[in-house]
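Here is a colleague's note to read beside the structure, written as numbered points. Please keep the sequence and the model open, and find each residue as it is named.

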Amino acid sequence: MLDENLKKNFLFRGSVTPESHLHWFEQYLIDQSQKIYAVCFDDLHVGNIGLKNIDTTNRNAETWVYIGDATMKGKGVGKVAYQQLLSLWKEGFHKIYANIAEFNTSSIKMYQKAGFSLEGIFKNQLLWDNQYYSILRFAIFL
């Protein structure tokens with residue numbers, strides 16, 4: 001998360017330090033509203049995928065994925081990771097959704113290839129570098 005393009009695409013405004021990462025991990029261990037998995041390719045950790053804002057009453061959750069290894073981008077690794085995640089959770093959820101900034105075209109394409117459909121648009125939802133951007137919500141029903 002030190003890469004500025006990755007931070008922008010994932011709307012991450014903070015900075016990552018060893019201390020903040022340790023704090024994040026300690027919080028994650030007790031947070032039941034999230035599940036995080038490693039994304040591996042040929043036994044190499046290339047990114048992470050997860051669910052957050054898990055709503056067990058309505059059986060839905062927000063999802064996210066990032067492939068931090070630049071050599072793996074565009075190779076379908078995110079799509080395969082979603083196939084595995086959705087297979088794992090198909091009995092537990094009715095809907096899984098993702099919020100994506102309009103400028104993150106690679107993520108939009110990946111979600112579409114993984115079977116997600118555009119559910120709605122939050123117009124001018126995000127202020128980034130003194131400019132407003134829309135957030136696209138993609139969803140898949142299991």
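1. Begin with lysine 95, whose relative accessible area of 17% makes it buried, because the word is used for residues under 20%. As you read on, please bear in mind that this is a predicted model.

2. What does the side chain of lysine 95 meet in a salt bridge? Its partner is the side chain of glutamate 119, with 2.9 Å from N to O. This pair links distant parts of the chain, since lysine 95 belongs to strand E4 and glutamate 119 to strand E5, 24 residues apart. Glutamate 119 has a relative accessible area of 36% and is therefore partly exposed, whereas lysine 95 is buried.

3. The count of salt bridges comes to two, and the other pair to look at is glutamate 62 with lysine 52, where the closest N and O atoms are 4.0 Å apart. Here too distant parts of the chain are linked, with glutamate 62 in strand E3 and lysine 52 in strand E2, ten residues apart. In this pair the glutamate, residue 62, counts as buried at 11% relative accessibility, while lysine 52 is partly exposed at 30%.

4. Turn next to helix H3, which runs over residues 77-89 and has 13 residues. From its first C-alpha to its last it reaches 18 Å, close to the 18 Å expected at 1.5 Å a residue. Its buried residues are Val77, Gly78, Ala81, Tyr82, Leu85 and Leu86. Seen down the axis of H3, these buried residues fall within an arc of 160 degrees, so they line one face of the helix. To understand the spacing, recall that an α-helix has 3.6 residues a turn, so residues three or four places apart point the same way.

5. Against what do the buried residues of H3 pack? They pack against five strands and a helix that you can locate one by one: strand E1 (35-41), strand E2 (44-55), strand E3 (60-67), strand E4 (95-101), helix H4 (105-113) and strand E6 (131-141). Near the start of this list of buried residues stands Val77, and the C-alpha atom of valine 77 is separated by 9.8 Å from that of tyrosine 66, eleven residues away along the chain. Tyrosine 66 itself lies in strand E3 and counts as partly exposed at 22% relative accessibility.

6. Helix H4 can be read in a similar manner, beginning with its buried residues, which are Ser107, Ile108, Met110 and Tyr111. They cover an arc of only 165 degrees around the axis, which puts them on the same side of H4. The face turned away from that buried side carries the exposed residues Lys109 and Lys113. The buried residues of H4 pack against E3, H3, E4 and E6. Just after H4 comes glycine 115, which takes a positive phi of about 105 degrees.

7. Phenylalanine 122 is a useful residue to examine in strand E5, where it is partly exposed with a relative accessible area of 35%. Its C-alpha atom is separated by 5.5 Å from that of serine 134, although the two are twelve residues apart along the chain. Leaving aside neighbours within four places in sequence, phenylalanine 122 is in contact with Asn99, Tyr133, Ser134, Ile135 and Arg137.

8. Which backbone angle deserves a check at aspartate 129? Its phi is near 50 degrees, a positive value in a residue other than glycine, and aspartate 129 sits in the loop between strand E5 (117-128) and E6. Asparagine 130, which lies in the loop between E5 and E6, has a positive phi of about 65 degrees although it is not a glycine. With regard to accessibility, aspartate 129 counts as exposed at 65%, and asparagine 130 counts as exposed at 78%.

9. Finally, look at the surface, where Trp24, Phe25, Leu29 and Ile30 form a nonpolar patch with about 440 Å² of accessible area together. One of these residues, isoleucine 30, has its place in helix H2 (residues 18-30). Isoleucine 30 is exposed, because its relative accessible area is 63% and the term applies over 50%.

How values were computed
Residues numbered from 1 in each chain as written. Predicted model: local features only at pLDDT ≥ 70, side-chain atom pairs only at ≥ 80, totals over all residues. Heavy atoms only, no water. Patch = residues over 30% accessible without salt bridge, like charges linked within 9 Å, V, L, I, M, F, W, Y side chains within 5 Å. Areas by Shrake-Rupley, 256 points an atom, 1.4 Å probe, with all protein chains shown as cover. Helix = DSSP H or I, 4+ residues; strand = E, 2+ residues; numbered from the N terminus. Buried < 20%, exposed > 50% of the residue type's maximum accessible area, 1.4 Å probe, protein only. Expected span 1.5 Å × (residues − 1). Arc of directions from axis to C-beta. Contact = heavy atoms within 4.5 Å.
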